[in-house]
Each structure stands twice: as structure tokens, then as C-alpha cells.
Amino acid sequence: MSVSIVVTLLGGLGLFLMGMHQMSDGMAKAAGARMRGILEAATSNRIKGTLVGIVFCALIQSSSATTVMVVSFVNAGMMTLYQAAGVIFGANIGTTITSQLVSFNLSEYAPLILFAGVIMTQFIKDSRVKKVGEVILGFGVLFMGLDLMSSSMSSLKDSPQIANILGGLTNPLLAVLVGTVITAIIQSSSITVSIILLMAQQGLLELPICFYIILGCNIGACMSAMIASLTGKKEAKRAALIHLFFNIIGTVIIFIVLTVAGGQVLRLIQAISGDDPGRCVANAHSLFKICQVILLLPFTNGIVKLTYLAVPGEDAAKDQEIELLYIGDKAMFSPATAVVEGIKELEHMASLVYENLNRGLDALIEQDSAKIEKVYEVEKQIDLMNRAITDYLVSIGQMALPIDDRRSISGLFHVINDIERIGNQAKNLADEAAERVEEQIVFSDECYDELRQMREKVNLIMEYSVDAFAHGEREHMHMQDILDLEDEIDEMERAFQKNHVERLSRNECTAAAGLVFSDVLSGLERVADHATNIGYSMMDAQEEDEN
């Protein structure tokens, strides 16, 4: 075997790997947000979840990326294990699309595909066209790499050393182990199966042993999700184990079938595929996966329960007011879900600020020193969250994110600023409460009633605004309500300030109480302004980007 053959083989493999990653990354950036919407559509209906997994994985051409994303969703509490199971099952079928594409000899069209990708990425300004061009460019590079590998492998079959090494691979268990190890290293079963496919086409591997290597590839493909889940919560670890258990159980079943009736299976696949060994490998890959899903889908609940046996118990309880739930130590990073997890953490921060604001009002009304101290304590933790989330947004802003997600980043910075400002109002309320306790300031019954009315409206506008921001209320379900509430609160603040002056003129309220009351009204009105900004933040960010 000459050095030139090895160099050509490695060069072809490098191009193939680069093309595969280019395709996957390009697709994720071009339509990642929309595909994430497809993924989020998965429900407890296991059939629907399986179909979603097939479509999603077929689009991004990577079961590893799909399962890592699913594990991230489970870790963020956006998907249950039962929903994740169906998607993971489907992803195992969707990943076979790559080997099906490779089995059709498209190498002669690779230069044209490559040229089209270059034109779209280099000479067209539209960002979406550029991202699609990256996918096409990756597709061309992939087939250029396949052509190089195929030509080098055609020379390898004449090498007695290579023939002896590959010819000696006759033990089925060893073949499964080889497939597992290689795929775990490469972290892509699509790539490993494609290489096996080429080797079969060149006569370097016999079909029966290829089938066993494919089974090992299925297990090795679980490595990415398993690694990703190590820093996640227990639910994330269980989601990764669903993928692992599915492939281990499926591999055992198919292994037994091949051992007992390997000749019949081979003849069936050859009858479907014809004389092309490459088509046989691709069809075997698809057929094995489809059979595994059909056999194991009815036992989804059992597999999920098995993960609870493997990972028992729950995560250690922590102070939920100060814990970063989605981007902290137990969080996982996936570019396709990074913005979603940031939004979830901002929603979490907003809920803490909401509670602290009401705690501050309670402290003011009840003159409760313990609640005053609690407001200060929580506000310090919210400040820490503010810095952590800001750092997170800065870091993901430098990553290769889906286009729609990148447009959202500026809006998220505005949101965290407004949430932090509302948090400051909670601290201001605690300051006013402390002053009231110290100076024994007495409020009139009218003051209490007006604060109650103002509080109800402010709470409502905060709920609507955070809901609109976090859950994409782009059909204006709450938007008009938010605007109406802001106007009501503005008018309420003016009316109550006027009432307050009248009470002062009638000596029904002390000057000290009046100052506190006036400051509180102004602070709550500013809370409503910040809440309105939150509700419209993402929409405004998208409009700015378009302009």
C-alpha cells in the first residue's frame, strides 16, 4: 500500500467529514428555529413523536445532533421523557437517509453541486440563500470526498495486507465492537456506515460482516448524547439512556435474527437492492432501524421506566429562588436550543422578580421586617442571575446560531435590562417599607385601597408581558391587553396622585405618608412601562433587524 493511496484516502475522509458537518451546520443555521418548532410539536402520542423524529433527523442529517437537542429539551423541562422517546426512535430511522443518498453514485455531479454552493455563498447577499448555499456546498464537498475515498479504496483491494486484515474480520461480535468503537470516536453513525458502504462497493468487506458492523455503529452513535448528558440533570441522563437502551436492545434482537437466519436476511436485502453492495448496505441500515422501531415502539413506557432504574431518584433539592435552572451547572449547550434556554432562564428570573415585587409590597403594607430583609436577600441573587444570563447571552451571540435565533439576541438583552429594573423597584419598595417601620408612618384606608387596585393591574400586565415574551404570542393575543393596561395604569397613577394631594389638603394623610405613597405609585407605574417593553421586546428586535 503506497503513501499516495493513504494520503488520498485521508484527504477524501477529511472532505467527507467537512461536507457532513457543513451540511448539518448550514441546515441548523438556515432553518434551526423552524426545525426546533417541529421538534417542540412532539406530544405524548408516540407515533407523532416518531414521525417528528424521522423528519427532523432527515433534515439535519445527524441522529447525534438530534438526540443531543432532545436531551437539551428534556434538561430544560421543555419535553418529557415520554415525548423524547418517540422523537429519539424516529431519529434512528431519519439518520439512515444519509447512507441512502451516499449509495446513489452522485459523485459525477459533485463539481456542479459544489459550484452552485459557491455561487450562493459568495455572490448572493441574502442571508437565507447563503445558509442554503452552505448546505449545498457541504453536499458537494461530501461527494467530492466520497469520490476520493472510493478511488483510493479501489487500489486498497489489491493490497494483500489490507485483504488479510479485513478478510480476517469474520467474528460477528468483534464486528459489532469495531462498529461501536469507530462510531463512538467519530460520533456519527452516518459517516461510519457511509465508509462501510464504500468498502462493500469496492469488495473490501463482505456483506454479512457489514451488517454486524452496522449494528455496532448504532450503539456507538449514542456516545454524543451520553457525553452531553453527563453535565445535565437526571432527566437528561435518562433521555440519553433511552437512545442507548433502544439501540442496545435493537442490536441484540437483530443480532439474533442475523445469527439464526442470516442467509434469508441477506437474500431479502439483495432482492430489494439488486447487485449493488452499496445499496445493500444502505437498505440494510434502513431496514434494521425500521424493524427496531416497529418492535420497540409498543414498549416505550418500559424503556422509559428502565431508565429510572438505571438513574434512580431526583436531583438534589436546591433553593429554587437562586438556582439557574436552564443555563447553570446542570445545563447543557446546544446551538439549536441555546436561545430557547436563555428565554426560559429569563422567564425564571422574571418570576422571581415578580414574587419579590409583591413581597416588597407586602412588606410595605404589613410593615414586616422579615419580608424586608428577604427582599434584599433575593435582590442580591437576582443581580447575580442578571450577570450570569448577560454573560451567557454574550457567549452565545458569538456562536453559529440559527438565523431567527440570532435576531432574537438583541431583544433578550433589552428584556434582561427591563427585568433587572423591575427588580430594583422591589428593592425600592423594601426601602420605603423600612422607612415606614422606622418612622411609624400610618397609611389611610384610601391609600391601602388604591395600592391594592394598582397592584392588581401591575401584576396583570407583568403576567401578560412575560407570557408574550416567553411563549411567542405573536398573534397579538395579549398585545392589545398590554397596551390597554399600560394606559389604565398611567391614568390610575395620575388619578391616585391627585387623590393623594386632596387628602393632604384635608389633613387626612401625613406628609411623610404622602411622600412614601407618591414614590410607590411612581415606582409601580415604571414597572408597567418596563413590563410593556418586555412584551414587545422580541417583536421590536425582529423589526430592527429587518430594517
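Q: Where does Thr-95 lie in this predicted model, and why is Thr-95 called buried?
A: Thr-95 lies in the loop between helix H4 (81–94) and helix H5 (96–103). Its relative accessible area is 1%, and since buried means under 20% relative accessible area, Thr-95 is therefore counted as buried.

Q: What makes the pairing of the side chains of Thr-95 and Ser-190 a polar contact?
A: The side chains of Thr-95 and Ser-190 are joined at 3.0 Å, and because a polar contact asks for a pair of N or O atoms within 3.5 Å, the distance meets the cut-off. Setting aside residues up to four places away in sequence, Thr-95 also touches other residues, including Cys-57, Ser-63 and His-285.

Q: How do you know that helix H13 does not reach the span of a straight helix?
A: Helix H13, residues 234–273, has 40 residues, and a straight helix at 1.5 Å a residue would reach 58 Å, but the end C-alpha atoms of H13 are only 43 Å apart. A kink of about 100° is centred on Ala-261 in H13, and the helix is followed by Gly-274, whose phi is positive, near 85°.

Q: What span does helix H17 reach, and what is expected for it?
A: Helix H17, residues 369–397, has 29 residues and reaches 42 Å from its first C-alpha to its last, which is close to the 42 Å expected at 1.5 Å a residue. At the start of H17, a side-chain oxygen of Asp-368 comes to within 2.9 Å of the backbone nitrogen of Ala-370. Among the buried residues of H17 are Ile-372, Glu-379, Asn-386 and Tyr-392.

Q: Why is Gln-367 called partly exposed, whereas Gln-440 counts as exposed?
A: Gln-367 has a relative accessible area of 31%, and because partly exposed covers the values between 20% and 50%, Gln-367 is placed in that class. Gln-440 is at 57% relative accessibility, and since exposed means over 50%, Gln-440 therefore counts as exposed. Gln-367 is in the loop between helix H16 (338–366) and H17, while Gln-440 lies in the loop between H18 and helix H19 (445–471). Gln-367 has a positive phi of about 55° although it is not a glycine, and Gln-440, also not a glycine, has a positive phi of about 55°.

Q: How do you know that Asp-418 has no salt bridge?
A: The nearest side chain of opposite charge, Arg-421, is 6.1 Å away from Asp-418, and because a salt bridge needs the nitrogen and the carboxyl oxygen within 4 Å, no salt bridge is counted for this buried residue. Asp-418, which is found in helix H18 (residues 403–439), does have a side-chain polar contact of 2.8 Å with the side chain of His-530. Apart from neighbours within four places in sequence, Asp-418 is in contact with His-530, Asn-533 and Ile-534.

Q: What makes Asp-529 partly exposed, and which residues is Asp-529 in contact with beyond its neighbours within four places in sequence?
A: Asp-529, in helix H21 (residues 511–546), has a relative accessible area of 25%, and since this value is not under the 20% that buried requires and not over the 50% that exposed requires, Asp-529 is called partly exposed. Beyond those sequence neighbours, Asp-529 is in contact with Glu-486 and Asp-490.

Note on methods
Residues numbered from 1 in each chain as written. Predicted model: local features only at pLDDT ≥ 70, side-chain atom pairs only at ≥ 80, totals over all residues. Heavy atoms only, no water. Helix = DSSP H or I, 4+ residues; strand = E, 2+ residues; numbered from the N terminus. Expected span 1.5 Å × (residues − 1). Bend = angle between axes of the 7 residues up to and from the residue. Buried < 20%, exposed > 50% of the residue type's maximum accessible area, 1.4 Å probe, protein only. Lys, Arg positive; Asp, Glu negative; His and termini not counted. Polar contact = N/O pair within 3.5 Å; in protein donor to acceptor, adjacent residues only side chain to side chain. Contact = heavy atoms within 4.5 Å.
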